[in-house]
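Student: Could you show me how to read a protein model, one feature at a time? I would like to hear the general idea before the case at hand.

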Amino acid sequence: MKAQKIYNEFVAFQAPREVNLDSTTRLATINAMGSPDGHLFEQAQKRIQALMEKDSYQRFLRSEVYQNHLRDAAKSNPGSSSASTSLGGH
């Protein structure tokens, strides 16, 4: 079953590619594994997205790699505003 593979790879405690989930969300997902449906991972997905928007994505926007990309894009496309907004940059 595909849901079991996703769970084993990402959600299970100490999974090979374990995602950062709070215990409440992890337990809700484990409990839902008993009768999986198309919404099985929705709560986990929402929590991960919220964490990324709050932390990881903001750090990425401030990262040297992204800032260098913006500078390089601006040099290749002078006068274009799409370089600074292509990935949500400010």
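Student: Let us begin with two helices that meet; how do α3 and helix α4 cross, and within what distance do their axes come?

Tutor: For a pair of helices one asks about the distance between the axes and the angle between their directions. In this model, which is predicted rather than determined by experiment, the axes of α3 and α4 (residues 64-76) come within 5 Å and cross at roughly 50 degrees. An angle between 35 and 65 degrees falls in the oblique range, and α3 and α4 are therefore described as oblique to each other.

Student: Which residues of α3 and α4 meet there?

Tutor: On the side of α3 they are Phe60, Leu61 and Arg62, and these meet Glu64, Tyr66 and Gln67 in α4. Sorted by character, the residues of this contact between α3 and α4 divide into 3 nonpolar, 1 polar and 2 charged.

Student: Some of those residues carry rings, so how many aromatic pairs does the structure hold?

Tutor: The structure holds 2 aromatic pairs. One of them is formed by Phe60 and Tyr66, whose rings lie 5.0 Å apart from centre to centre, with 45 degrees between the planes, and this pair is classed as tilted. Ring pairs also link Tyr57, Phe60 and Tyr66 into a cluster.

Student: Are Phe60 and Tyr66 buried or exposed?

Tutor: Here one reads the relative accessible area, for which values under 20% count as buried and values over 50% as exposed. Tyr66 has a relative accessible area of 2%, and so Tyr66 is buried, whereas Phe60, with a value of 33%, is partly exposed.

Student: Now I would like to compare another pair of helices. At what angle do α2 and α3 pack, and how far apart are their axes?

Tutor: The angle between helix α2 and helix α3 (residues 42-62) is about 155 degrees, and their axes are 9 Å apart. Angles over 145 degrees count as roughly antiparallel, and that is why α2 and α3 are called roughly antiparallel to each other. The handedness of the crossing can be read too, for α2 passes α3 in a left-handed crossing. The contact is made by Thr25, Ala28 and Thr29 from α2, together with Gln43, Ala44 and Arg47 from α3. Its residues divide into 2 nonpolar, 3 polar and 1 charged.

Student: Where does Thr25 lie, and is Thr25 buried or exposed?

Tutor: Thr25 lies in helix α2, which covers residues 23-32, and with a relative accessible area of 2% Thr25 is buried. If one leaves aside its neighbours within four places in sequence, Thr25 is in contact with Gln43, Ala44 and Arg47.

Student: What about Ser23, in that helix as well?

Tutor: Ser23 also belongs to helix α2, but its relative accessible area is 52%, and so Ser23 is exposed. The C-alpha atoms of Ser23 and Phe13 are separated by 10.0 Å, while the two residues are 10 residues apart along the chain.

Student: How should I read the stretch between helices, and where is Arg17 found?

Tutor: For a loop residue one can again read its place, its accessibility and its contacts. Arg17 is found in the loop between α1 (2-11) and α2, and Arg17 is exposed, because its relative accessible area is 54%. Apart from its neighbours within four places in sequence, Arg17 is in contact with Glu9 and Phe10. From Arg17 to Ile6 the distance is 9.9 Å, C-alpha to C-alpha, and these residues are 11 residues apart in sequence.

Student: What is notable about the phi angle of Gln14?

Tutor: Phi of Gln14 is near 60 degrees, which is a positive value in a residue other than glycine. Gln14 sits in the loop between α1 and α2, and with a relative accessible area of 63% Gln14 is exposed.

Student: Finally, how many helices and strands does the whole protein have?

Tutor: The secondary structure comes to 5 helices and 0 strands, and the pattern along the sequence is α-α-α-α-α. Of the 90 residues of the protein, 21% count as buried. Among contacts between residues at least 6 apart in sequence, 35% join residues at least 24 apart.

Note on methods
Residues are numbered from 1 along each chain as its sequence is written. This is a predicted model: local features need pLDDT of at least 70, side-chain atom pairs count only at pLDDT 80 or more; totals for chains, interfaces and linings use all residues. Side-chain values use heavy atoms; hydrogens and water are left out. Helices (H or I, at least four residues) and strands (E, at least two) are DSSP runs, numbered from the N terminus. Buried means under 20% relative accessible area, exposed over 50%, partly exposed in between (1.4 Å probe, protein chains only). Contact means heavy atoms within 4.5 Å. Axes are lines fitted to C-alpha atoms, for helices over the stretch in contact, and angles run from 0 to 180 degrees between N-to-C directions. Angles under 35 degrees count as roughly parallel, over 145 as roughly antiparallel, 65 to 115 as roughly perpendicular and the rest as oblique. A crossing is left-handed if the near helix is turned anticlockwise from the far one by less than a right angle, and right-handed if clockwise. Ala, Val, Leu, Ile, Met, Phe, Trp, Tyr, Cys and Pro count as nonpolar, Asp, Glu, Lys and Arg as charged, and the others, Gly among them, as polar. Rings of Phe, Tyr and Trp (its six-membered ring) pair if their centres lie within 6.5 Å; planes under 30 degrees apart count as stacked, over 60 as edge-to-face and the rest as tilted.
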